[in-house]
Amino acid sequence: MAEITRMQFLRGDLKGDKIPFRPPWAIPEQYFVDFCTRCDQCIEACFDELIIRGRGGYPQMDFNRGGCDFCEDCLNVCDAGALKKLPLSGDLPANNNNSNNREALSESADEARSESFLPPWHIKASIDLNNCLSMNATICRSCGESCDDEAIKFNLKLGGIAEPVLNTETCTGCGACLSVCPVQAVKLNNVSINKAVA
Ligand code: SF4
Ligand code: SF4
Ligand code: SF4
């Protein structure tokens, strides 16, 4: 049996296939559990109450409560460095078993001189067209109307069908379209790890 990492154990994820959605600007998952002190500051800072205590006491997003507006309030209260803007360029340390890595990760953020940072996360929405009401000739534009970034357009087709088309380039993964879908046809995916998230 493959070795179970501490993070997997804390997540109750013995197979290693469940990665929770962390708050925006969370450092890579392999460091997150090490840096996060479970102080709850980010949870308390989120006015929209989008961050909850997940398994092991670590914070994770609950998009059933709404979408993130990237206000940075959670980022700004995280003194532990678990939520941190990291520069676009620069190598991350290879693992977290070395105290030098903590220093290196910290330095890579502090030395960011430009405005070029990694995005707050790598989440993208997707729509299950089999379940979508609009694809079944029922008028619904809920997801599109909730998207401030206009990442969802509807293509009119024969038979009164309007197919939702999601532009993954403009989708910020804010999650605003998730809770408004009456039939749970919208999913969020962590594209950087290419795995659906529980
Ligand atoms: S503020 Fe930072 S250290 Fe505290 S729970 Fe949130 S992510 Fe963890
Ligand atoms: S960026 Fe703002 S809205 Fe989004 S999770 Fe953090 S505090 Fe909440
Ligand atoms: S399509 Fe993307 S940007 Fe638009 S509401 Fe959904 S998650 Fe947010």
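In this predicted model, the charged end of Arg141 sits over the ring of Phe154. The distance to the ring centre is 4.6 Å.

Aromatic contacts also occur between rings. A search of the whole structure returns 5 aromatic pairs. One of them joins Phe21 and Phe63 in an edge-to-face arrangement. Their centres lie 5.6 Å apart, with 75° between the planes. Phe21 belongs to the loop between helix H1 (6-11) and helix H2 (29-35), and Phe63 to the loop between strand S2 (59-61) and helix H4 (73-77), so the pair ties together parts that are 42 residues apart in sequence. Both Phe21 and Phe63 are buried. The two rings also belong to one aromatic cluster, which includes Trp25, Phe70 and Trp121.

Phe70 of this cluster recurs in the surroundings of ligand 2. The residues around that ligand include four cysteines, namely Cys46, Cys68, Cys71 and Cys74. Asp69, Glu72 and Asp73 are also found there. Pro24, Ile51 and Met61 complete the list. By class, the shell around ligand 2 holds 8 nonpolar and 3 charged residues, and no polar ones.

Ligand 3 is surrounded by 13 residues. The closest are Cys147, Cys171, Cys174, Gly175 and Cys177. The shell around ligand 3 divides into 9 nonpolar residues, 3 polar and 1 charged.

Cysteines thus appear in the lists for ligand 2 and ligand 3. The disulfide count for the model is nevertheless 0. Cys181 is in no disulfide. Its nearest cysteine sulfur belongs to Cys140 and is 6.2 Å away, whereas a disulfide requires sulfur atoms within 2.5 Å. Cys181 is buried, at a relative accessible area of 11%. Cys39, in contrast, is partly exposed, and its relative accessible area is 44%.

At the level of the whole chain, the secondary structure comprises 6 helices and 7 strands. From the N terminus on, the elements run α-α-α-β-β-α-α-β-α-β-β-β-β. The chain has 198 residues, and 39% of them are buried. Among contacts with a separation of 6 or more, 61% link residues 24 or more positions apart. The pair of Phe21 and Phe63 ties together parts of the chain 42 residues apart in sequence.

Methods
Residues are numbered from 1 along each chain as its sequence is written. Chains are lettered from A and ligands numbered from 1 in the order in which they are written. This is a predicted model: local features need pLDDT of at least 70, side-chain atom pairs count only at pLDDT 80 or more; totals for chains, interfaces and linings use all residues. Side-chain values use heavy atoms; hydrogens and water are left out. A residue is near a molecule or strand if one of its heavy atoms lies within 4 Å of it. Ala, Val, Leu, Ile, Met, Phe, Trp, Tyr, Cys and Pro count as nonpolar, Asp, Glu, Lys and Arg as charged, and the others, Gly among them, as polar. Rings of Phe, Tyr and Trp (its six-membered ring) pair if their centres lie within 6.5 Å; planes under 30 degrees apart count as stacked, over 60 as edge-to-face and the rest as tilted. Helices (H or I, at least four residues) and strands (E, at least two) are DSSP runs, numbered from the N terminus. Buried means under 20% relative accessible area, exposed over 50%, partly exposed in between (1.4 Å probe, protein chains only). A charge sits over a ring if NZ of Lys or CZ of Arg is within 6 Å of the ring centre and within 35 degrees of the ring normal. Contact means heavy atoms within 4.5 Å.
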